[in-house]
Amino acid sequence: MRNLFYFLMSLVLLTACSNQSSNKQAGDYPYQPVEFTQVKIADDFWLNRINTNRKVTIPFDFEKCETTSRINNFAVAGGIVKGEFVGFRYNDSDVFKVMEGASYSLHTYPDPALEYYLDSIISLIAAAQEPDGYLYTCRTINPELLPNGAGNTRWSNLKDSHELYNIGHMYEAAAAHYLATGKSNFLDVAIKSADLVCQTFGPGENQLHDVSGHQEIEMGLVKLYRITKNEKYLNMAKYFLDQRGRSENRVLYTYGKDGSIKDYTQDHLPVVEQSEAVGHAVRAAYMYSGMADVAALTNNNEYKLALDRLWENVTGKKIYITGGIGSVHNGEAFGKNYELPNLTAYCETCAAIANILWNQRMFLLHGDSKYIDVLERTLYNNFLAGVSVNGDEFFYPNPLESDGSHERSPWFSCACCPTNVVRFMPSLPGYIYAKNNENLYINLYIGNTSEIEMPFGNMEITQKTNYPWQGDVEITFGNLPAMSTFNLNLRIPGWANNEAIASDLYEFMTKQADEVKIEVNGQRAEYILNKGYASISREWSNSDVVKISFPMLARKIIAHDSIVDDRGKFSIQRGPLVYAAEGVDNEGKVRNLLLNPDVLFGEIFINSPMGEITTLIGDAFSVSNDNAGNLVKTEKELTLIPYYAWAHRGSGEMVVWFPYKEEASSPAPPPTIASTSKVSASYVFDNIHAVNDQIIPENSNDHNISRLTFWDHLGTEEWVIYEFDQVRNISRTAVYWFDDGPDGGCRIPKSWKLLYKDSKTGDWKNVTIYNDYPLKKDSFNSISFMPVNTSAIKLLVQLQDEYSGGVLEWKVQ
């Protein structure tokens, strides 16, 4: 019945579009993914995650969209209820992303209540859509009272408005909903919107020639094209891409001390001339994904060559060992080549998803396993870290080192990451297999049962594995017709073949002697290694059993010497998983470690708050300086956990890169009065322990270290208290203020003073100073005062009017 519905629906859509242009599809990816609808995941590792996404994250995200008025904005725009727009101009997109994820889930796990709920939201969206197809709730609700960046009129500020970005996500959601349910109610809204876009933008004299500041609509238009076969949507996607670097309102954003152009929106050059990944990482990878789609469908070789250059730049100079991209906090952007700091790494969760989308498409273009290697690295590390195992807390940035100031959050005012996670997770089955004529590719080793259409007919394939904890995989077949000859292409991950990544950015310290073992029916398999795949060509039968065994050893990886933060250090990888040391397992401190370069690790498989995981145990030193400046090494046992599992047991220190050279280590300084004090504050934003971590700032706007701020308290009186471990005689203090002007909202204070606690009365009293209280940026503000014996002191801070403030370091003598 559903097949009939799809057929009739296709006829209706094709008839409606027949007056637009030729419906002949120009081409497509030479390697086709096996759709997620044909793959049913059955292993504990990913099935638990997908079930959590279905049972927890989807309802949780919908609830957040309700309580934050994201859904209500559509009701207000549609005149169903009265009210004003609430939130940011891009909030519409969050609703669409959750709907996309719910649609994917709905196809695999039918749920009448969820389907009804989706239909109710679709009715609100349809009501909010203006008669000509325009959909942007903030403008429809009140064009005179718009949120920042929306633009005074339609399409007038595309660099910032997110008008096209929002509806791009709607197109993706509508396509997913149509494929999941066969209903056209959401698809109709998307087509009406896309028709307006095609009418408004283009090369015509009366059309607009601008582009979206946040790429996304390109992928959405391609999905509409695939469903409707209406070429104008594909042509529109290509037009938006081709206009970059040429648009009428092109604005170049610069950052960095050298003033070089690192355009935030990738609008600095035509896309076919770009060779370095610059600007906002999510926008860039979304653009590269859209380019790959258009390149495949139009057989555009210039696009392909540009994509190859960009991929080589990212993989060779701009990707983290966790698969994260976008190293710079300012602009959520790619940094310069080899600019990959750990503590301040941004690595947005959305960028991880975008990187997966892009690398999947690069594989579909070229059929090379190196793209799946990057996809897998990102999937198991950066992406998985972005959502808790319970499915209701999220990371926005994903640093590779923490001073204790990082923890997951249930939600963000800019909620792109939680809603992106929820749409990607249920689509994962579609990344496991691909095919090309008589070639079947196994790209990811995940337990599943699948039905795949091949040239000789339909076949079933089953994977059984405990990957990523164990390296054994068993593959069996079913429903094979007689004389079924095809090439089974088994991906040999780079990490199993002594290649950390397909560039010289990272490499294993030593070569692995153990080889990958492949058997067919108990006999060593004969295969040809081609583009990273073990290709086995034979006539297959239902009784055949293929077994693969990957060596799962904890191995050390070193980085290119141009990555300053990683010199003299190694990271640890076991299988596809990168490992981290967390303070909670290692006496609270891991940032002052030193490891022997020849250290070996034992393995323990445990049931933990992060689920079942394999931990690594080895020997290490904690290093510190004594009062004379000598290095003191103390032996300790070191416990490592998978990077994705960190921050499930409270905040604390974490590192991914481990010093094996003394000059690369960070010895803990000798304890001071301040460092041994208990800290409290009137209000805490960021990290309260930053004030006494003994890390000296480079300047007042040093974003490479943690800080205590009072954001978003403006013009208020705030305080910070040190409680000493015993009564101390003190006579001097120094404060280093945080000030992120002129762009940020924190400034040095209007005034400040120091109080001490009277040991007899317990009252707070002013110290008697010998000079005025200084107010300086980029240096310590020091005062001397009449010595006092006390158990506590208070820093009393009056913030400047309309500004907040903060403290980077506070010393006491």
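Trainee: Why is Tyr467 called buried?

Mentor: In this predicted model, Tyr467 has a relative accessibility of 0%. Buried means under 20%, so Tyr467 counts as buried.

Trainee: Which class does Tyr445 fall into, buried or exposed?

Mentor: The relative accessible area of Tyr445 is 0%. That is under the 20% limit, so Tyr445 is buried.

Trainee: Why is the pair of Tyr445 and Tyr467 called tilted?

Mentor: The ring centres are 6.1 Å apart, and a pair needs centres within 6.5 Å. The planes stand at 55°. Stacked requires under 30 degrees and edge-to-face over 60, so the pair is tilted.

Trainee: What makes this a link between distant parts of the chain?

Mentor: Tyr445 sits in the loop between S5 and strand S6 (448-454), and Tyr467 in the loop between strand S7 (457-465) and strand S8 (472-478). The two residues are 22 apart in sequence.

Trainee: Which cluster do these rings belong to?

Mentor: Ring pairs join Tyr445 and Tyr467 with Phe45, Trp46, Tyr380, Trp469, Trp495, Phe550, Phe605 and Tyr644. Over the whole structure, the search finds 42 aromatic pairs.

Trainee: What makes Phe363 and Tyr441 an edge-to-face pair?

Mentor: Their centres are 5.9 Å apart, within the 6.5 Å limit. The angle between the planes is 75°, and over 60 degrees counts as edge-to-face.

Trainee: Why is the Phe363 and Tyr441 pair said to tie parts together?

Mentor: Phe363 belongs to helix H14 (residues 349-366) and Tyr441 to strand S5 (residues 439-442), so the pair connects parts 78 residues apart in sequence. Both Phe363 and Tyr441 are buried.

Trainee: How do you know that helix H3 is mostly covered?

Mentor: H3 spans residues 70-77, and 7 of its 8 residues are buried. These are Arg70, Ile71, Asn73, Phe74, Ala75, Val76 and Ala77. Their cover includes helix H2 (44-67), helix H4 (91-108), helix H5 (112-128) and helix H6 (137-141). After H3 comes Gly79, with a positive phi near 75°.

Trainee: Why is Arg54 called partly exposed?

Mentor: Its relative accessibility is 27%. Buried would need under 20% and exposed over 50%, so Arg54 counts as partly exposed.

Trainee: Where is Arg54, and what is it in contact with?

Mentor: Arg54 lies in helix H2. Leaving aside neighbours within four places in sequence, Arg54 is in contact with Pro59, Ser105 and Tyr109; contact here takes heavy atoms within 4.5 Å. The C-alpha atoms of Arg54 and Thr639 are separated by 33 Å, with their positions 585 residues apart along the chain.

Trainee: What makes the phi of Cys347 worth listing?

Mentor: Most residues other than glycine have a negative phi. Cys347 is not a glycine, yet its phi is positive, about 45°. Cys347 is found in the loop between helix H13 (301-317) and H14. With 0% relative accessibility, Cys347 counts as buried.

Trainee: Which class does Asp686 fall into, buried or partly exposed?

Mentor: Asp686 has a relative accessible area of 36%. The class between 20% and 50% is partly exposed, so Asp686 belongs there. Asp686 also has a positive phi, about 70°, although it is not a glycine, and it lies in strand S26 (residues 685-686).

Trainee: Which omega value goes with the cis peptide bond from Trp711 to Asp712?

Mentor: Omega is near 5° for that bond. Asp712 is in the loop between strand S27 (708-709) and strand S28 (717-738). The bond from Gly741 to Pro742 is also cis, with omega near 5°; Pro742 lies in the loop between S28 and strand S29 (751-757). Most peptide bonds are trans.

Trainee: Why does the radius of gyration agree with a compact globule?

Mentor: For 813 residues, the rule gives a value near 28 Å, and the protein has 28 Å, so the two agree. The C-alpha atoms fill a box of roughly 90 × 70 × 50 Å along the principal axes. Of the 813 residues, 59% count as buried.

Trainee: How many helices and strands does the protein have?

Mentor: The protein has 16 helices and 32 strands. Among contacts between residues at least 6 apart in sequence, 71% join residues at least 24 apart.

How values were computed
Residues numbered from 1 in each chain as written. Predicted model: local features only at pLDDT ≥ 70, side-chain atom pairs only at ≥ 80, totals over all residues. Heavy atoms only, no water. Helix = DSSP H or I, 4+ residues; strand = E, 2+ residues; numbered from the N terminus. Rg over C-alpha atoms; globule rule 2.2 N^0.38 Å. Buried < 20%, exposed > 50% of the residue type's maximum accessible area, 1.4 Å probe, protein only. Phe/Tyr/Trp six-rings, centres within 6.5 Å; stacked < 30°, edge-to-face > 60°.
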